[in-house]
Amino acid sequence: MTLYRAQVVDTPDDPFRGGALRCDGDAGLLVEDGRIVERDAFATLRSRHPEAQLVELSDGVLLPGLVDAHVHFPQVRVIGALGMPLLEWLERCALPEEARIAEIDYARVVAGEFVSALTSAGTTTALVFGSHFAPAVDALFQAAAGHGLRITSGLVVGDRMLRPELHTSAERSYDEGRELARRWHGVGRSRYAVTPRFALSCSDELLASCGELHRDVVGSWFTSHLNENLDEVATVRRLSGTTNYLDCYDRHGLVGRQSVFAHNVHSTDTELTRLAEAQASVAHCPTSNAALGSGMFPLNRHLAHGVLVALGCDVGAGTGFSLLKEGLQTYLLQRLRGADGVPLTAAHLLHMATAAGAQALGLRDQIGDLSAGRRFDAIWIRPRPGTVLEIGIRHSNGPEDALAKVFALATADDLGQVWIDGAPVRAKAIDARTLRPRPVGNLTIFAANKAAQRTDSDERTRHRSRAGTDGGMSR
Ligand SMILES: [Zn+2]
């Protein structure tokens, strides 16, 4: 048994329904076999379990592991292409890279990069758009299992309006998906998700086969894109002959409690009503929406209809893997919506990045907060002394103010450690990086950054220090 002593902040109760941020300044979490078996004041828990191995997370704050509800495995290397709307970006940037991943050696390398990037950003659970190629999806599941990542993913399918090499057939789509599910669904922390790219690139026949696969693979998840971009929406409406984009999926039994739709920026009330009725979820991807100029997400209408909204980074249209950055961007976009914007606090952002994602993925009984009974999926935010974040936290007016500074300022460099099921994973992710200098043009870039050099000290059990006592998270 391991006893973690930390300042713990989480959102067991939904702030959108009146729940408050939970902050325990000196909490103890007793972890056994990856599960939090007891949570209490540290002193109480220590006296009850003097034999437990003690890990003191002396400064900073412990948060639940982040849950990414929408991210694309093959797009690691196309992040940052600016200046294009969705359909042009797909054609010029994303789909050529997605075609390259047909080569299995290439796919394995990118899978390693992808999983390392997720865990290094503090993401411990993800709903991942896989690849159009079954061997690449297999490589992704292997990489995720190697890092311990909690992953739900599947074969991406389409049979029109993509590059020809990305097209499949209804029969092949079913067969390959079924085989991948047989290999990975329910194995370790992996689950299968039926994943048509979007209704624009899928015939009705292909979506019917997706519905069949979703029914046949018991407990499978379903994910796709919905109402992201106005040109996309207009084309889907023209091709399907309906103004109800969601119905393209719904008519095949693909809208339910185990469905997560990315974006939904341009949704009708009819669709929102149906999403709520079906208890389907939406993954909001704000940096992607801004980068592609897709639109300003109507969070108010989703909340009014009772639709669950989680967060996704949507790499590679999104601008990175950090869900903390997506939280900040969610806040900023809602501010820009003026009277239609939802005023968000740091508690809302944390909830969207953790518990809401867990709920969207049907994992809320296991993860999403750090209560007793949950798996120990956690991230330790521990900025180095003297950084703007550390100074901000030290001078903050309390835990919620300090958490807001985390959303405003924290990067992967500020993560001291990441645990999934009680096992540290961040060090492993960093070790996978090459330390050799890599020439880029006239520059020499070292792949390992300062965070990698800090890894050794991160691994050691640290003595408690009282670096700052101004009432913030730092102690
Ligand atoms: Zn996407």
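The legends below describe an overview and several close-up views of one predicted model. Local features in this predicted model need pLDDT of at least 70 and side-chain atom pairs count only at pLDDT 80 or more, while totals for chains, interfaces and linings use all residues. Residues are numbered from 1 along each chain as its sequence is written, and side-chain values use heavy atoms, with hydrogens and water left out.

**View 1. Overview of the chain.** The secondary structure comes to 19 helices and 19 strands, where helices (H or I, at least four residues) and strands (E, at least two) are DSSP runs numbered from the N terminus. Of the 475 residues in the chain, 59% are buried, buried meaning under 20% relative accessible area, exposed over 50% and partly exposed in between, with a 1.4 Å probe and protein chains only.

**View 2. The zinc site.** The zinc ion has as its protein donors H70 (NE2), H72 (NE2), H225 (NE2) and D314 (OD), which lie 2.0 to 2.4 Å from the ion; donors are N, O and S atoms within 2.8 Å of the metal (3.2 Å for Na, K and Ca), and water is not among the atoms, so sites may look incomplete. The angles among the four donor atoms run from 87 to 171°, and the site is irregular. Four donors count as tetrahedral if all angles lie between 85 and 135 degrees; four count as square planar and six as octahedral if opposite donors are over 155 degrees apart and all others between 65 and 115; anything else is irregular.

**View 3. Two zinc donors in strands.** H72 lies in strand β6 (residues 66-72) and H225 in strand β11 (residues 221-226), so the pair ties together parts that are 153 residues apart in sequence. H72 counts as buried at 3% relative accessibility, and H225 likewise counts as buried at 6%.

**View 4. Helix α13.** In this helix (residues 346-353), eight of its eight residues are buried, among them H348 and H351.

**View 5. Surroundings of R77.** R77 is placed in the loop between β6 and α2 (86-100) and is partly exposed, with a relative accessible area of 39%. Leaving aside neighbours within four places in sequence, R77 is in contact (heavy atoms within 4.5 Å) with E97, Y106, V109, V110 and E113. R77 and E113 are 36 residues apart along the chain, and their C-alpha atoms are separated by 9.3 Å.
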